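Visitor: I should like to go through this model with you, starting with how its parts meet. Could you take my questions as they come?

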Amino acid sequence: MALAQASADAILVADDIFVQFNTPEGPITAVDNVSFKVRPSEFFSVIGPSGCGKSTLFNVIGGLLGQHQGVVSVGGETISGPHKSIGMVFQEESTFPWRTVVDNVAFPLELVGMPKGKRAERARHFIRMVGLDGFENRYPGELSGGMRQRVSLARTLASEPKILLMDEPFAALDEQTRLLLGDKVLQIQQQLKQTTLLITHNITEAVQMSDRILVMTYRPGKVKRIVDIDLPRPRTSEIVSSEAFGRYVAQIWNDLREEANRGMRDEEKHMLNQDERTA
Amino acid sequence: MTLVVAHTRRSYRSYAAPMVGLGSFIAFVLLVEVLIRIGALNRFIIPAPSEIIASFGRLFLEENIVQRFIFTAAECIAAGVMVTVCGVTIGVVMQRFSLLQRACETWVAAFASAPLVLAYPLFMVIFGRNAWTIIMMGFFSALPPVILKTIEGISGTRKVLVNVGRSFNLTGTQQFWKILFPAALPTIFVGVRLGLIFALINIVGTEFLINFGGLGQLINDLAERYDLAGTYAAICFVILVSVLFFIVLEKAERWLRPVD
């Protein structure tokens, strides 16, 4: 009943998500009763320290991880696997090296049987949108890391998903490229009014782009707080120099610092235990 | 000025290695020639390089080496086509059924190191003294690397690419043809290249052993006539063909593979 009510004003609802993994050291709870909802056209981010279960949550929402409890629904429809309404952009480089940029972007259009000429034209539209015009016939191996991530983004956008789900898409990039790509994503999100769910560990990136940020605790990953980001739109990376931006970053870092410390201590303890076992 | 110097140094460096290689080879040939002429090496066991070079013309004019080359090449192509189709198919089937892979992969790897050429009498009993025996010897010797590299290529597909396919809701068949197979192609091609080289070696070897067919039979004929210079010239021709074959395959692989 509660889920049905939530679905009325939300395009994506995650309700009581619980994920546990069996490891040689016993079961580990990665995500513990995480619930949230994302409204249409909203830019929603999930932030947390390493090991808090962000990527697990990404896989659950994207339908790539079957073994979980709780419900994920899109537009009121409960989903139990990958769903055409959700387009995913991965953290790792995920372009197809054997396809040119235009063929990479046209991939989802090819799957729905769109004629070759039409899909090339459509693909070029999304290539222009991510600012890669002129590189249509290059192979991913001829592009930089940031350009390849833009190809992945264009490919996902070409499938015209209702929800764009991104897992730390700029994690492997340098800070300047990351800020500029952030601008690009913001521009596209505002242009398409694209509902976006971003998984990240980068506070500035989250504040720069989001309407709301869900802060997660370190293992088991629970919802610590949801922060509303009341910064003016349209935004660009220039916002990072504003006072309000700094306040949000400080506020979220206050929430995260304790969790990140806990994560670091846990990791050190784990390494010491491993050393003792091998000694 | 500095640019010109840098460019000259670069071109010098790019030519240096092949020139040193060629120079070493010529020096070795000259050394053998000298050692034979002064009697340090027995000319009835090793003919003088100058005699070997002089025999090349004879191989073309009297021994029909071009036709023999075409015969061997046709056998290689037949074995190559068969091994590519069968090897890749078997590799794919083994990779898709993990029980089959776990059960047979070690056997295939062991088969790769077996001296298959010793089994030529068995092949002669089955296929007779004809080109099929030679083709099948080439085929079986080339099969293991193609199978193993196909398994390696498909298994080694990056998980994120598989996840991209899953996120686009691909069916099993689409996942295979649109992601797994193209991702595995570079590795499969390495297997096919290795397989074709194994096939060529075994085809020439079997031709020699059963005294039938192309270049291998020619070497056998010349050796039996005790035409040492001709024998060595024919062996050199086979080596040249192998080197050429390798270069062509390498070029084909580069042409087929886009930039990584």
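Visitor: How many residues does each chain bring to the contact?

Guide: Chain A brings 25 residues and chain B brings 18 residues, where contact means heavy atoms within 4.5 Å. Please note that this is a predicted model, in which local features need pLDDT of at least 70, side-chain atom pairs count only at pLDDT 80 or more, and totals for chains, interfaces and linings use all residues. Residues are numbered from 1 along each chain as its sequence is written, chains are lettered from A and ligands numbered from 1 in the order in which they are written, and side-chain values use heavy atoms, with hydrogens and water left out.

Visitor: And what area is buried between chain A and chain B?

Guide: About 1,900 Å² is buried between them, and carbon and sulfur atoms give 68% of that area. Buried area here is the accessible area (1.4 Å probe) that two parts lose on being put together, summed over both. In chain A, the residues that lose the most area to chain B are A:Leu64, A:Trp98 and A:Leu111, together 30% of what that side buries.

Visitor: How many salt bridges cross that interface?

Guide: The rule finds two salt bridges between chain A and chain B; it asks for a side-chain nitrogen of Lys or Arg within 4 Å of a carboxyl oxygen of Asp or Glu. One salt bridge joins the side chains of B:Lys178 and A:Glu110, at 2.7 Å from N to O.

Visitor: Which elements of chain A supply the side that touches chain B?

Guide: Strand 6, helix 4 (107-111) and helix 6 of chain A each supply at least two residues of that side. Helix 4 of chain A gives the most, with four residues. Helices (H or I, at least four residues) and strands (E, at least two) are DSSP runs, numbered from the N terminus.

Visitor: What is that side made of, by class?

Guide: The side of chain A that touches chain B has twelve nonpolar, seven polar and six charged residues. Ala, Val, Leu, Ile, Met, Phe, Trp, Tyr, Cys and Pro count as nonpolar, Asp, Glu, Lys and Arg as charged, and the others, Gly among them, as polar.

Visitor: Changing topic: in what order do the six strands of the open sheet in chain A lie?

Guide: The order is 6-7-8-3-9-10, with mixed pairing; two strands pair if DSSP finds at least two bridges between them. Strand 6 (86-89) and strand 10 (223-228) of chain A are at the edges with a single partner strand each, so one side of each has no neighbour in the sheet. Neighbouring strands of this sheet are turned by 15° against each other on average, direction ignored. Axes are lines fitted to C-alpha atoms, for helices over the stretch in contact, and angles run from 0 to 180 degrees between N-to-C directions.

Visitor: Do give me some of the pairings in there.

Guide: Strand 3 (residues 43-47) and strand 8 (residues 195-200) of chain A run parallel and are joined by five bridges, with A:Phe43 opposite A:Thr196. Strand 9 (residues 212-216) and strand 10 of chain A are antiparallel, also over five bridges, and A:Arg212 stands opposite A:Asp228. A hairpin of six residues links strand 9 to strand 10 of chain A.

Visitor: Which helix lies across strand 6 and strand 7 of chain A?

Guide: Helix 6 (residues 145-158) of chain A lies across strand 6 and strand 7 (163-167), and runs at about 175° to strand 6 of chain A.

Visitor: What about the sheet of four strands?

Guide: That open sheet of chain A has the order 2-1-4-5 and antiparallel pairing. Strand 2 (26-38) and strand 5 (77-79) of chain A are its edge strands, each pairing on one side only. The twist averages 30° from one strand to the next. Nine bridges join strand 1 (residues 12-23) to strand 2 of chain A, and A:Leu12 has A:Val38 as its bridge partner.

Visitor: Where does A:Pro220 lie, and what sort of peptide bond joins A:Arg219 to A:Pro220?

Guide: A:Pro220 lies in the loop between strand 9 and strand 10 of chain A, and the bond from A:Arg219 is cis, with omega about -5°.
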